[in-house]
Amino acid sequence: MTPMMQGRGSASLSYIVTVFVVAMSTFLGVSHAVQHVVGGDVQKWAFLQANSPITFYNDWAANQTFTTGDTMLFTYNNNTHSVVEVATQADFDACNLQANISKYYSGADSVFISKAGTSFFICGTPTHCGQGMKVSIVATGATVAAPPSPVVQGPAPAQSVINASPPAAFYSGVTSLALAILLTATHAAVFLG
Ligand SMILES: [Cu+2]
């Protein structure tokens, strides 16, 4: 084997590694979901600090990028606070607790974002929303299925078969990975053959 051929051999190996790494990054990127700690790690979901603007939570949200598949983690003292999701801007503006479409009160609630658009959350304790415990977020992206339920041992119930399809993003990731591998194999054949 001549030195030139050895050079080509190692070039093709690094090419294969590069393409593979890029393909894996693409694949992992597609399925990567962000968990947003509502209010940030310091404030979390609580009364606003004395020096915080009343818009604190929406200011926080404006600095986040919400994509479908992400989750919002509300962490709070559930003796004092809760989380109520309301459907409309009007109910959000009015702090209308009667308009709740979902209520959370565990103190560590993970809210899955499945659809694009605006979602509205307020504290369920009267007067807290008016004191700034309210946040609206805007998510982009394709609708994704809710995360799978906790693993159940034994045969799955028949109904779960209906909901068994992975989200479209998963297929898209698999497709780009498969294409990248095919591309790598083709180029490897050219280099090595
Ligand atoms: Cu509260």
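Select Lys44 to begin: 16 other C-beta atoms lie within 10 Å, so Lys44 is partly exposed. The class depends on a count of other C-beta atoms within 10 Å of the residue's own, with C-beta atoms placed from the backbone: 20 or more is buried, 12 or fewer is exposed, and anything in between is partly exposed. This is a predicted model, in which local features need pLDDT of at least 70 and side-chain atom pairs count only at pLDDT 80 or more, while totals for chains, interfaces and linings use all residues. Residues are numbered from 1 along each chain as its sequence is written.

Lys44 belongs to the loop between α2 (40–43) and α3 (56–62). Helices (H or I, at least four residues) and strands (E, at least two) are DSSP runs, numbered from the N terminus. Display the backbone torsions next: phi of Lys44 is positive, at about 50 degrees, although Lys44 is not a glycine. Most residues other than glycine have a negative phi.

Move on to Phe56, in helix α3. Phe56 is partly exposed because 19 other C-beta atoms are within 10 Å. Leaving aside residues up to four places away in sequence, Phe56 touches Gln43, Leu48 and Gly132; contact requires C-beta atoms, placed from the backbone, to lie within 7 Å. Then add Lys134 to the selection: its C-alpha atom is 8.9 Å from that of Phe56, although 78 residues separate the two along the chain.

Finally, select Thr127, in the loop between β7 (117–122) and β8 (134–140). Thr127 is another residue other than glycine with a positive phi, here near 80 degrees. Thr127 counts as exposed because it has 9 C-beta neighbours inside 10 Å.

How values were computed:
Two residues are in contact if their C-beta atoms, placed from the backbone, lie within 7 Å.
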